[in-house]
Amino acid sequence: MTEPDYSKYSAQQLRQVLGRIDRARFPERVATVEALLAQRERDGDDNNNGADSASKAPMADPASYVPVLRRVGMVLIAAGLLQLGYGIWQMPAQANTFSFNFGGAIIAGLLLLTGSLRVAAVLRWLGWLTLPGMVAMGLVAYAIPLDLLEVELRLAPWQFASGVLMTLFPIVLAAWVLRELGSAKIAAARAFEGRRTHDMRIALAIGVIGTLVLQVWMFKILNGPDAEYAEQLAAAQVQGANKYRVVQLNFLSGTSGTRYQATVQVWNHEGVGYTTVNWQVPK
């Protein structure tokens, strides 16, 4: 890797380099920059070669990394549109569980099309932060009673299989995106420009802790007394020998009390469906 010619930099540019360079990875460059900066300050020349050095600032060749970012961006946009189409297809059957997660993939893809290393670093950090939650959601989605699993496999095997694939799809996609954004070409471009190397283990650790806290809270909500009451309301609303499971529970507190809305999955030997129940608990 070619080292930038820091002798052509102004004092201001040298200070900028010191503020963002990875000191642990490039100690020799740090020493060079500090020595040049000290010389500039002794000479009282804060604008040495300012006009020329602006064009000599350390900038990686866009051809070395922009194609990677744009490829990832196009894949994310395509994936977001695919998730949108699948969500629309599923809406008649699962209107209460339709998700708009596709928007995040499309927005991230459009941002990566700009070819910005800063955007790539932010998205990579967010990716490691959210990956544990994506994995946990995928596991929880299919942690269902065995008799419900048997009914879904028997009555709608293709729909069940497509659901499994669409659950795994964003996890696999996220892993691929993280690998690409951490590839050698991106790392080399960042190092050439003297950018800091961020420790993604911090983002991953925060994501794991946040996911554990959220999943414990969700388990208590979906298996607590409010969920039991929602199942009782669903049983009164849907006649027959059915089984019930709360898959979503929302509540909003106001001056008159707390309003609840729950989505309850209902199934028996002949089919699977969803129903919504509402109630209010006065203050």
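## Overall picture

Of the 283 residues in the chain, 37% are buried. The structure described here is a predicted model, and its chain contains 11 helices and 3 strands. Read along the sequence, the elements follow the order α-α-α-α-α-α-α-α-α-α-α-β-β-β, so that the helices come before the strands under the DSSP-based numbering used here.

Among the contacts in the chain with a separation of 6 or more, 68% are made by residues that lie 24 or more positions apart. The accessible surface of the chain amounts to about 16,600 Å², and carbon and sulfur atoms account for 63% of that surface.

## Glu180 and its surroundings

Glu180 is found in helix α8, which covers residues 157–181, and with a relative accessible area of 9% this residue is buried, because the cut-off for a buried residue is under 20% relative accessible area. When the neighbours within four places in sequence are left aside, Glu180 is in contact with Val68, Arg71, Val72 and Ile186. Leu69 stands 111 residues away from Glu180 in sequence, yet the C-alpha atoms of Glu180 and Leu69 are 8.1 Å apart in space.

## Salt bridges

A search of the whole structure finds 5 salt bridges, and one of them joins the side chains of Glu180 and Arg71, with a distance of 2.7 Å from N to O. Since Glu180 lies in helix α8 and Arg71 in helix α4 (residues 66–90), this pair ties together parts of the chain that are 109 residues apart in sequence. The two partners differ in their exposure: Glu180 counts as buried at 9% relative accessibility, whereas Arg71 is partly exposed, with a relative accessible area of 40%.

Glu180 also meets the side chain of Arg179 in a salt bridge of 3.1 Å, N to O, and Arg179 counts as exposed at 55% relative accessibility. Arg71, Arg179 and Glu180 are thereby linked in a network of salt bridges. Elsewhere, Glu150 forms a salt bridge with Arg154, in which the closest N and O atoms are 2.8 Å apart. Because Glu150 and Arg154 are 4 residues apart in helix α7 (residues 146–155), about one helical turn separates them. Glu150 is partly exposed, with a relative accessible area of 37%, and Arg154 is also partly exposed, at 36% relative accessibility.

## Helix α10: buried residues and surface patch

Helix α10 covers residues 200–222. At 1.5 Å a residue, its 23 residues should span 33 Å, and the C-alpha atoms at its ends are 32 Å apart, which agrees with that expectation. At the start of α10, a side-chain oxygen of Asp199 reaches to within 3.0 Å of the backbone nitrogen of Arg201.

Which residues of α10 are buried? They are Met200, Ala203, Gly207, Thr211 and Ile221, and the buried residues of this helix pack against α6 (117–141), α11 (225–237) and β1 (243–253). On the surface, Leu204, Val208 and Leu212 form a nonpolar patch, with about 240 Å² of accessible area together. Leu212, one of the residues in that patch, is placed in α10 and counts as exposed at 54% relative accessibility, because the cut-off for an exposed residue is over 50%.

Note on methods. Residues are numbered from 1 along each chain as its sequence is written. This is a predicted model: local features need pLDDT of at least 70, side-chain atom pairs count only at pLDDT 80 or more; totals for chains, interfaces and linings use all residues. Side-chain values use heavy atoms; hydrogens and water are left out. Helices (H or I, at least four residues) and strands (E, at least two) are DSSP runs, numbered from the N terminus. Buried means under 20% relative accessible area, exposed over 50%, partly exposed in between (1.4 Å probe, protein chains only). Contact means heavy atoms within 4.5 Å. Accessible areas come from the Shrake-Rupley method with a 1.4 Å probe; for residues, only the protein chains shown count as cover. Patches are made of residues with over 30% relative accessible area and no salt bridge: like charges are joined within 9 Å, nonpolar side chains (Val, Leu, Ile, Met, Phe, Trp, Tyr) within 5 Å. A salt bridge is a side-chain nitrogen of Lys or Arg within 4 Å of a carboxyl oxygen of Asp or Glu. The expected span of a helix is 1.5 Å times one less than its number of residues. A polar contact is a pair of N or O atoms within 3.5 Å; within protein, one must be able to donate a hydrogen and the other to accept it, and residues adjacent in sequence count only if both atoms are side-chain atoms.
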